[in-house]
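I opened my notebook to work through one model, entry by entry. I start from a single contact list and work outwards.

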Amino acid sequence: MNETTRPRVLEAQSDRLEVTIPAVESAALLQGRRELVIRHGAVMYRLRLTASNKLILTK
């Protein structure tokens, strides 16, 4: 990925854990699309953006 397409990493604070957890904007992952496939090892997952603007991750 080049500098313009690399997902922007945000720092999100968790009130309970008191640790910094990296966060990525969903728009940076989807890049204007309604769905994408995420490969995790040998398993493929589908991330979809619904009509009600919710995310669904399925195997």
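**Entry 1: Thr50**

I looked up the contacts of Thr50 first. Leaving aside neighbours within four places in sequence, Thr50 is in contact with Arg34 and Ile56. I note here that the model is predicted. Next I asked where Thr50 sits. Thr50 is in the loop between strand 4 and strand 5. Is Thr50 buried or exposed? Its relative accessibility is 18%. The cut-off for buried is under 20%, so Thr50 counts as buried.

**Entry 2: the chain as a whole**

I stepped back to the full chain. I find one helix and five strands in its secondary structure. Reading from the N terminus, I get the order β-β-α-β-β-β. The chain has 59 residues, and buried residues make up 8% of them. Thr50 is one of the buried residues. I took the accessible surface too: it comes to about 5,300 Å². Carbon and sulfur atoms hold 53% of that surface.

I also checked how far apart in sequence the contacts reach. I took the contacts with a separation of 6 or more. Of these, 5% are between residues 24 or more positions apart.

**Entry 3: the sheet**

Which strands form the sheet, and in what order? I find three strands in an open sheet, ordered 3-4-5, with antiparallel pairing. Strand 3 (35–40) and strand 5 (55–58) stand at the edges. Each of these two has a single partner strand, so one side of each is left without a neighbour in the sheet. From one strand to the next, the twist averages 20°. A reminder to myself: strands of a sheet pair through backbone hydrogen bonds, either parallel or antiparallel.

**Entry 4: strand 3 against strand 4**

I counted the bridges here. Strand 4 covers residues 43–49, and six bridges join it to strand 3. The two strands run antiparallel. I then looked up two pairs across this join. Leu36 stands opposite Leu47 in strand 4. His40 stands opposite Val43 in strand 4.

The hairpin of strand 3 and strand 4 has two residues between the strands. I checked the backbone there. Gly41 takes a positive phi near 65° in this hairpin.

**Entry 5: the salt bridge**

How many salt bridges does the structure hold? I find one. The side chains of Glu35 and Arg46 meet in it, at 2.5 Å from N to O. Glu35 lies in strand 3 and Arg46 in strand 4, so the pair ties together parts that are 11 residues apart in sequence.

I looked up the exposure of both partners. Glu35 has 36% relative accessibility and counts as partly exposed. Arg46 has a relative accessible area of 38% and is partly exposed as well.

**Entry 6: strand 4 against strand 5**

I moved to the other join. Strand 4 and strand 5 pair in the antiparallel sense over four bridges. I wanted the partner of Leu49. In strand 5, the bridge partner of Leu49 is Leu55.

The hairpin of strand 4 and strand 5 has five residues between the strands. Asn53 belongs to this hairpin and takes a positive phi near 65°. Asn53 lies in the loop between strand 4 and strand 5. Thr50 is found in that loop too. Asn53 counts as exposed, at 59% relative accessibility, whereas Thr50 counts as buried.

**Entry 7: positive phi outside glycine**

I kept one general point in mind here. Most residues other than glycine have a negative phi. Asn53 has a positive phi of about 65° although it is not a glycine. Gln31 also has a positive phi, near 50°, and is a residue other than glycine. I placed Gln31 in the loop between helix 1 and strand 3. Gln31 counts as partly exposed, with 43% relative accessibility.

**Entry 8: helix 1 and strand 4**

Last, I looked at the helix. Helix 1 covers residues 26–30, and Ser26 has its place there. Ser26 is partly exposed, at a relative accessible area of 33%. How many residues apart in sequence are Ser26 and Leu49? They are 23 residues apart in sequence. In space, I get 9.3 Å from C-alpha to C-alpha. Leu49 is the residue I had already matched with Leu55 in strand 5.

Terms used. Residues are numbered from 1 along each chain as its sequence is written. This is a predicted model: local features need pLDDT of at least 70, side-chain atom pairs count only at pLDDT 80 or more; totals for chains, interfaces and linings use all residues. Side-chain values use heavy atoms; hydrogens and water are left out. Two strands pair if DSSP finds at least two bridges between them. Axes are lines fitted to C-alpha atoms, for helices over the stretch in contact, and angles run from 0 to 180 degrees between N-to-C directions. Buried means under 20% relative accessible area, exposed over 50%, partly exposed in between (1.4 Å probe, protein chains only). Contact means heavy atoms within 4.5 Å. Accessible areas come from the Shrake-Rupley method with a 1.4 Å probe; for residues, only the protein chains shown count as cover. A salt bridge is a side-chain nitrogen of Lys or Arg within 4 Å of a carboxyl oxygen of Asp or Glu.
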